[in-house]
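Biologist: Before we discuss this model, please show me the sequence and the coordinates, and then tell me what each term rests on.

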Amino acid sequence: MEPPSDFSPAVLAPQTRSIAELDELVVHCRACPRLVAWREETALVKRRAFQDQEYWARPIPGFGPYDARLVLVGLAPAAHGGNRTGRIFTGDPSGDLLYASLHRLGLANRPESTWREDGLRLHGVRITDPVRCAPPENKPTNAERDTCRPWIVREFEELRPTVRAVVALGGFAWQAVLPVLAAAGWQVPRPRPVFGHGAHAVLPATDGGPELHLFGCFHVSPRNTYTGRLTPAMVDDLLRTAATAAGLDPA
Ligand SMILES: O=c1cc[nH]c(=O)[nH]1
């Protein structure tokens, strides 16, 4: 699909016919002026350690198989992580913890993710973000989250035949993903389930299909790991529980 210059996710995302097509299209999105400015500015004022690298500086597609049974939902790419490397949760401490855990569970072929074409493969797991561009201070506005929503809704619509469990990494992901799942064909319980590490909600499918297990996990960011609020063992336990609920066979 040719990307038009007047780029509206609400118009374009529903027109995509597959996740492959969506992944191809989303990287052309320029819908949020503040985020476009920030992702491009950080690519010019690089971190010293990355001076010789060409930053991706575009929106980040999801990563992992199109028929994933387990989907991990983060927040938004890091300015010098995904915004540099071009792959979600890649090149930042959050991703180091996440991919190492997936590898320990046998859900990734390598323990680390370093660049968008490094041979890493996930088994049965896909990772995506509700906001696809790096935001200043890692804080997207509600308006930016809402503008970006059609991409992740469309992604979940395509994943519906196979996805059985979702892990929301942090409170932002939890709040962002509930309306996404409602729009993509699941019933969100009332009252709305509350986020916490280990929170678990079961969402029936609106068409009588298989239910979806939603789990909450503290975000894997240094803010949580450096303070000891979240440990690698806690991440392993949570992801193992979610992968098992999804019908995978984690180590
Ligand atoms: O939530 C996050 C954090 C880092 N990188 C991402 O892509 N998402």
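Modeller: The protein has nine helices and five strands, where helices (H or I, at least four residues) and strands (E, at least two) are DSSP runs numbered from the N terminus. Read along the sequence, these elements follow the pattern α-α-α-β-α-α-β-α-β-α-β-β-α-α. The model is predicted, and local features therefore need pLDDT of at least 70, side-chain atom pairs count only at pLDDT 80 or more, and totals for chains, interfaces and linings use all residues. Residues are numbered from 1 along each chain as its sequence is written, and side-chain values use heavy atoms, with hydrogens and water left out.

Biologist: What makes the protein as compact as a globular protein of that length?

Modeller: The radius of gyration, taken over C-alpha atoms, is set against the globule rule, 2.2 Å times the number of residues to the power 0.38. The value for the protein is 17 Å, close to the 18 Å that the rule gives for 251 residues, so the protein is as compact as a globular protein of that length. The C-alpha atoms fill a box of roughly 45 × 40 × 30 Å along the principal axes.

Biologist: Which strands stand at the edges of the sheet, and why is one side of each left without a neighbour?

Modeller: Two strands pair if DSSP finds at least two bridges between them, and the open sheet of five strands has the order β2-β1-β3-β5-β4, with mixed pairing. β2 (125–128) and β4 (200–203) each have a single partner strand, so one side of each lacks a neighbour in the sheet and both stand at the edges. Neighbouring strands are turned by 20 degrees against each other on average, direction ignored.

Biologist: How do you know in which sense β4 pairs with β5, and β1 with β2?

Modeller: β4 and β5 (residues 212–217) are antiparallel over four bridges, with histidine 200 opposite phenylalanine 215 and leucine 203 opposite leucine 212. β1 and β2, by contrast, run parallel and are joined by four bridges, and valine 73 stands opposite threonine 128 in β2.

Biologist: What packs on the sheet?

Modeller: Helix α5 (residues 93–104) does, touching β1 (70–73), β2 and β3 (165–169), and its direction makes about 170 degrees with that of β2. Contact means heavy atoms within 4.5 Å, and the angles, which run from 0 to 180 degrees, are taken between N-to-C directions of lines fitted to C-alpha atoms, for helices over the stretch in contact. Helix α7 (residues 171–184) lies across β1, β3, β4 and β5, at about 165 degrees to β5.

Biologist: Is histidine 213 buried or exposed, and how do you know?

Modeller: Buried means under 20% relative accessible area, exposed over 50%, and partly exposed in between (1.4 Å probe, protein chains only). Histidine 213 has 16%, so it is buried; its place is in strand β5. Leaving aside neighbours within four places in sequence, its contacts include Arg164, Val166, His200 and Ala245.

Biologist: What makes its approach to the side chain of histidine 200 a polar contact?

Modeller: A polar contact is a pair of N or O atoms within 3.5 Å; within protein, one must be able to donate a hydrogen and the other to accept it, and residues adjacent in sequence count only if both atoms are side-chain atoms. The side chains of histidine 213 and histidine 200 make such a contact at 2.8 Å. His200 belongs, with Val202, to the uncovered face of β4, whereas Ala201 and Leu203 form the covered one.
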